[in-house]
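Please look through the sequence and the structure shown below, and then read the report that follows, which takes up helix packing, a pocket and a few local features of the backbone.

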Amino acid sequence: MLVNRLDAAEQRGSSKAQSVALGDRTWPALYKAPMESTKEDLWEHVVAMAKWGWLQVKPEDAVRSPSGYASSPRVTVLDEDAIRRAVGRPERQRSSVVRWREAVNSGLDAPEAVKRAVGDYCIDMPDHSMAEVVSQLNRLRGLADKPMLLREVSSQLFWGMSKVLDKRQGLVAAILGVDECPFPESPIQLQVYLPKAGYRGVLFIENQMSFEQALRSTSGAFDRLALVFASGFKGSAQRLRSSTGCSLFYAGRGALGGDLQVAFEAWLFGQGSTPVFFWGDLDYSGMRILAAMRSTFPDLVGWTPGYAPMLAALLAGGGHSPEAAEKQGQRPVVSTGCEYADSKLLPVLAQSGRYLDQELFSP
């Protein structure tokens, strides 16, 4: 406790810590001990440290009594080095942010303004010192003109670890002296099925097994729909709608190449319009994906043929508890922006407190 206070004083720029009143809050081990003998034993250690010159105790007569702790004493550190050695902390413990900024200031080959910007992006790696990390950042300019993805750059710099620069594009831009990071994020992989007879809309399917079932389905529900699988929240990423932000893989069961593929990619990358739907798990995570995808596809709505039988099953008492599928951490969704989901699906989810997995249903 005393060393913590020394650290706090040093961080404030104070030359020494203030005296500390001993009591229940500052020394519960003594003041809340059930036996007086335990209290007296602990107090003997304070008396010893005062005799060694480590601490000053007031009132002074408290150190002359075996129960001096009862006189509301205050202690002040006199020998900081001795106190720090006793607890194995010879210097103040600095936060990772403070240590990062020190490493950047001393090791980054860049102007002061750049160092200040880079100092806001702390990189704390367990197997490498911050000085080593900063040294690797000095190599970044040598990669500036290479056609690499952000994660490729990260792997090149940081001992094969590809995700270090995720959400640190500002750091990259600052070091390179450009407005935006020149290295694109990893493209999102989309699996796409285009019906050979053409399509009248696009259906995003959340789960891979349901996507595969839809490819093989003979149900008329999927007629004239282009089917797309992008796992989880990947479908909500804005880069999905740029030719450099996604990689498209077409199903051999459907149309390959030709006008249909050209038209699909034109729509995906922002030219033209077509109805677009989403179908996923009937739980809050699925609803959150639907809401997120609407930021990328503003006209996207929940797919009624897929959700209708799921909704009926929930109303009939079906489904599972969140705990049964380890989904208890899902937070309720208030609104998705889709009228069907907000008026039909979310109220039943809230009332039933149960969820349904998409894979159980095949329209």
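In this predicted model, helix H1 (residues 2-12) and helix H4 (residues 80-87) pack with their axes 10 Å apart and at an angle of about 125°, and the two helices are therefore oblique to each other. The crossing of H1 and H4 is left-handed, and the contact is made by Val3, Leu6, Asp7 and Glu10 on the side of H1 and by Glu80, Ile83, Arg84 and Val87 on the side of H4. Sorted by class, the residues of this contact are 4 nonpolar and 4 charged, with no polar ones.

Two packed helices are described by the angle between their axes and the distance between the axes, and the table sets out these values for three pairs.

| Helix pair | Angle between axes | Distance between axes |
|---|---|---|
| H1 and H4 | about 125° | 10 Å |
| H5 and H7 | about 45° | 9 Å |
| H12 and H14 | roughly 155° | within 11 Å |

The pair formed by helix H12 (residues 284-296) and helix H14 (residues 339-352) crosses at roughly 155°, an angle over 145 degrees, and H12 and H14 are therefore roughly antiparallel to each other. Their crossing is left-handed. The contact brings Tyr284, Met287 and Leu290 of H12 together with Ala341, Leu345, Leu346, Leu349 and Ala350 of H14, and by class it has 8 nonpolar residues, no polar and no charged ones.

Helix H5 (residues 96-107) packs with H7 at an angle of about 45°, and H5 and H7 are therefore oblique to each other, while their crossing is right-handed. From H5, the residues Ser96, Arg99, Trp100, Ala103, Val104 and Gly107 meet Met130, Ala131, Val133, Val134 and Leu137 in H7. This contact has 8 nonpolar, 2 polar and 1 charged residues.

Which residues outside its own stretch of sequence does Cys122 touch? Cys122 lies in the loop between helix H6 (112-118) and helix H7 (130-137), and, when residues up to four places away in sequence are not counted, Cys122 touches Ser96, Val97, Trp100, Met130 and Arg168. Of these, Ser96 and Trp100 in H5 and Met130 in H7 also take part in the contact between those two helices. Val104, which belongs to the H5 side of that contact, is 18 residues from Cys122 in sequence, and the two C-alpha atoms are 9.6 Å apart in space.

The largest pocket has a volume of about 360 Å³ and is lined by 18 residues, of which Met1, Leu2, Met49, Leu55 and Ile83 lie nearest its centre. H1, helix H3 (36-52) and H4 each supply at least two residues of this lining, and H3 gives the most, with 4 residues. By class the lining divides into 14 nonpolar, 3 polar and 1 charged residues. Ile83, one of the residues nearest the centre of the pocket, is also part of the contact that H4 makes with H1.

Two backbone features remain, and both are found in the loop between strand E2 (55-58) and strand E3 (74-77). Most residues other than glycine have a negative phi, and most peptide bonds are trans. In this loop, however, a cis peptide bond joins Lys58 and Pro59, with omega about 0°, and Ser72 has a phi near 50°, a positive value in a residue other than glycine.

Key: Residues are numbered from 1 along each chain as its sequence is written. This is a predicted model: local features need pLDDT of at least 70, side-chain atom pairs count only at pLDDT 80 or more; totals for chains, interfaces and linings use all residues. Side-chain values use heavy atoms; hydrogens and water are left out. Axes are lines fitted to C-alpha atoms, for helices over the stretch in contact, and angles run from 0 to 180 degrees between N-to-C directions. Angles under 35 degrees count as roughly parallel, over 145 as roughly antiparallel, 65 to 115 as roughly perpendicular and the rest as oblique. A crossing is left-handed if the near helix is turned anticlockwise from the far one by less than a right angle, and right-handed if clockwise. Contact means heavy atoms within 4.5 Å. Ala, Val, Leu, Ile, Met, Phe, Trp, Tyr, Cys and Pro count as nonpolar, Asp, Glu, Lys and Arg as charged, and the others, Gly among them, as polar. On a 1 Å grid over the protein atoms alone, a cavity is a set of points where a 1.4 Å probe fits but cannot get out, and a pocket is an open set with protein on both sides within 12 Å along at least five of seven lines; lining residues have an atom within 4 Å of a point. Grid points are joined across faces, edges and corners, and a volume is the space filled by probe spheres set on the points.
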